[in-house]
Structures are given as C-alpha cells and as structure tokens.
Amino acid sequence: MKTLRVSDLASKASVSSGTIRFYEKQGLLPEPPRSSSGYREYDGTALERIEFIKAGQALGMRLTDIKELCDIRDHGRCPCGHTTQVLDRRIVEVEEEIERLVRLKNNLTDMKNSAIDGKYEWCCPTDERSQ
C-alpha cells in the first residue's frame, strides 16, 4: 500500500482528520514520518491500528485500555492474556450498568404506576386527584 496523507487515511478509516491527530496525541497511533513538505505519511499499519481502536471502542473499551493493548503488541508480545483481563473488567462494568438500568426501569415503572393510581402529588394538583 502506498503512503497515505491524513485526509486519505481518515477517509479510508471513516474517521475525521482530527480524530487521527487526537489518536496520535494520546499515543494510540504512532506519529508517522513526514514528507519533505511536512505532510504526515501513513502506511497500511495505521489503518489497521485505527480499525483496532474503533473495534475496541465499539465494545465500550476505554482508550487507555486500548492504548495499553497496542503498547504490548508494539513491543512484540501477544496481548491476548491481557486482553482477556481488560475484557473481563469491561464485562463486570457492563453487568453493573445493566443492574443500574434495571433498577432505573423498575423505579420508572413504579413511578408510572403510582401516577396512574394518583398516589404522586407532583403528578396533578390535590383538587384534581379527587375527581
């Protein structure tokens, strides 16, 4: 693959140029070499890295966790063992969020049922509840 400028890479990866620069600043994407005129020149590995980052984000992983996995991989080690630890943490977070959402749903349902029964004063003025 020929080298890509930031706008070409952004287009291929379906992200903005600003996102690519952000990934570089955060250390998620290595800073590429520059052309003699100062343009960033990315190779195919940058596209693969962005796709990995986006896949991690789609799973709800934090950028710090994704960076950690990228760093391990960049040092020539397989991050699979660490990946399972990161994913286990994320699974626990998702389970906790599900529990929180179920409690919220139950509270909303209770509130709705109380409103229907006229038990909540905030729902309607006192004089209208007796009608």
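**Group meeting: a walk through an all-helix model**

Let's start with one residue, Y23: it is buried, at a relative accessible area of 4%. Y23 belongs to helix 2. Keep in mind as I go that what we have here is a predicted model.

So what does Y23 touch, once we leave aside its neighbours within four places in sequence? The partners are L28, L29, I50, I53 and Q57. Take I53 from that set: Y23 and I53 sit 30 residues apart in sequence, and their C-alpha atoms are 9.1 Å apart in space.

Okay, let me zoom out for a second. The chain has six helices and zero strands, and reading along the sequence you get α-α-α-α-α-α. There are 131 residues in the chain, and 24% of them count as buried. If you take the contacts in the chain with a separation of 6 or more, 42% of them come from residues 24 or more positions apart.

Now the core. As a reminder of the general picture, nonpolar side chains in soluble globular proteins tend to be buried together. In this model the largest nonpolar core has 20 residues, and the members that touch the most other members are L9, I20, L29, Y42 and I50. Which elements give two or more residues to this core? Those are helix 1, helix 2, helix 3 and helix 4, the last one covering 63–74.

I50 is a good one to click on. Again leaving aside neighbours within four places in sequence, I50 is in contact with L9, A13, V15, I20, Y23 and L29. So Y23, our opening residue, turns up in that list, and L9, I20 and L29 are there too.

On to how the helices pack, and I'll do three pairs.

Pair one is helix 1 with helix 2. Their axes come within 8 Å and cross at roughly 100°, so the two helices are roughly perpendicular to each other. Helix 1 brings V6, S7, L9 and A10 to the contact, and helix 2 brings S17, I20 and R21. By class, that contact of helix 1 with helix 2 splits into four nonpolar, two polar and one charged.

While we're there, have a look at S17, in helix 2, which spans residues 17–25. Not counting residues up to four places away in sequence, S17 touches V6, S7 and A10. S17 and R5 are twelve residues apart in sequence, with 9.6 Å between their C-alpha atoms. One step on is G18, also placed in helix 2. G18 and V6 are likewise twelve residues apart along the chain, and their C-alpha atoms are separated by 9.1 Å. Is G18 buried, exposed or partly exposed? Its relative accessibility is 39%, so G18 counts as partly exposed.

Between those two helices there's a loop, and S14 lies in it. Here's the backbone detail I wanted to flag. Most residues other than glycine have a negative phi. The phi of S14, though, is near 60°, a positive value in a residue other than glycine. And S14 counts as exposed, because its relative accessibility is 59%.

Pair two is helix 1, residues 6–13, against helix 3, residues 44–58. The angle is about 45° and the axes are 10 Å apart, so these two helices are oblique to each other. Helix 1 passes helix 3 in a right-handed crossing. On the helix 1 side the contact uses L9, K12 and A13, and on the helix 3 side A46, L47, I50 and K54. In terms of class, the contact of helix 1 with helix 3 has five nonpolar residues, two charged ones and no polar ones.

Pair three is helix 3 with helix 4. What is the angle there? About 140°, with the axes 10 Å apart. Anything over 145 would be called roughly antiparallel, so at this angle helix 3 and helix 4 are labelled oblique to each other. Helix 3 passes helix 4 in a right-handed crossing. The residues in contact are R49, F52, I53, G56 and Q57 from helix 3, plus L63, I66, L69, C70 and D74 from helix 4. Those divide into six nonpolar, two polar and two charged.

One last link back to the start: I53 and Q57, which take part in the contact with helix 4, are also among the residues that Y23 touches. That's my tour, thanks everyone.

Key:
Residues are numbered from 1 along each chain as its sequence is written. This is a predicted model: local features need pLDDT of at least 70, side-chain atom pairs count only at pLDDT 80 or more; totals for chains, interfaces and linings use all residues. Side-chain values use heavy atoms; hydrogens and water are left out. Axes are lines fitted to C-alpha atoms, for helices over the stretch in contact, and angles run from 0 to 180 degrees between N-to-C directions. Helices (H or I, at least four residues) and strands (E, at least two) are DSSP runs, numbered from the N terminus. Angles under 35 degrees count as roughly parallel, over 145 as roughly antiparallel, 65 to 115 as roughly perpendicular and the rest as oblique. A crossing is left-handed if the near helix is turned anticlockwise from the far one by less than a right angle, and right-handed if clockwise. Contact means heavy atoms within 4.5 Å. Ala, Val, Leu, Ile, Met, Phe, Trp, Tyr, Cys and Pro count as nonpolar, Asp, Glu, Lys and Arg as charged, and the others, Gly among them, as polar. A nonpolar core is a set of buried Ala, Val, Leu, Ile, Met, Phe, Trp, Tyr and Cys residues joined through side-chain atoms within 4.5 Å. Buried means under 20% relative accessible area, exposed over 50%, partly exposed in between (1.4 Å probe, protein chains only).
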